[in-house]
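Notebook open, coffee at hand. I want the overall layout first, then a look at a couple of residues.

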Amino acid sequence: MPTTEPDPSRPPSERTTPDNLLHTRTGTEVSPEDMVLATGRDLTPRNLEWARRKLEAEGPDCIEKMLP
């Protein structure tokens with residue numbers, strides 16, 4: 001997948017992605033599968049259990065910590 005460099009002639013505010021577009025939450029529930037995939041791991045029973053525990057302990061906003 002090709003990527004492009006931002007146009008340096010544009011002001012910095014137009015070269016960066018606005019914060020509101022960087023978040024993953026869409027108002028829907030975050031599933032253990034979502035958590036596992038967000039970390040780049042395989043969907044294995046062990047990883048799904050880890051995700052269930054993490055969601056239970058930290059809540060659905062923890063997916064934001066998983067992504068850059």
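Before counting, I note what I accept as an element: helices are DSSP runs of H or I with at least four residues, and strands are runs of E with at least two. I also keep in mind that this is a predicted model.

With that settled, I count four helices and zero strands in the protein chain. Reading from the N terminus, I get α-α-α-α.

Next, the whole chain. I find 18% of the 68 residues buried. The chain exposes about 5600 Å², and 53% of that comes from carbon and sulfur atoms. I also checked contacts between residues at least 6 apart in sequence: 43% of them join residues at least 24 apart.

Now Lys-54. I find Lys-54 in helix α3, which covers residues 45–58. Buried or exposed? I call Lys-54 buried, because its relative accessible area is 17% and the cut-off is under 20%. Skipping neighbours within four places in sequence, I see Lys-54 in contact with Met-35, Gly-59, Cys-62 and Met-66.

That list sends me to Met-66. Met-66 sits in helix α4, residues 63–66. Its relative accessible area is 24%, so I log Met-66 as partly exposed. What does Met-66 touch, not counting residues up to four places away in sequence? I list Met-35, Ala-38, Thr-39, Trp-50 and Lys-54. So I don't lose it, one distance: Met-66 and Leu-37 are 29 residues apart in sequence, and their C-alpha atoms are 9.9 Å apart in space.

Note on methods. Residues are numbered from 1 along each chain as its sequence is written. This is a predicted model: local features need pLDDT of at least 70, side-chain atom pairs count only at pLDDT 80 or more; totals for chains, interfaces and linings use all residues. Side-chain values use heavy atoms; hydrogens and water are left out. Buried means under 20% relative accessible area, exposed over 50%, partly exposed in between (1.4 Å probe, protein chains only). Contact means heavy atoms within 4.5 Å. Accessible areas come from the Shrake-Rupley method with a 1.4 Å probe; for residues, only the protein chains shown count as cover.
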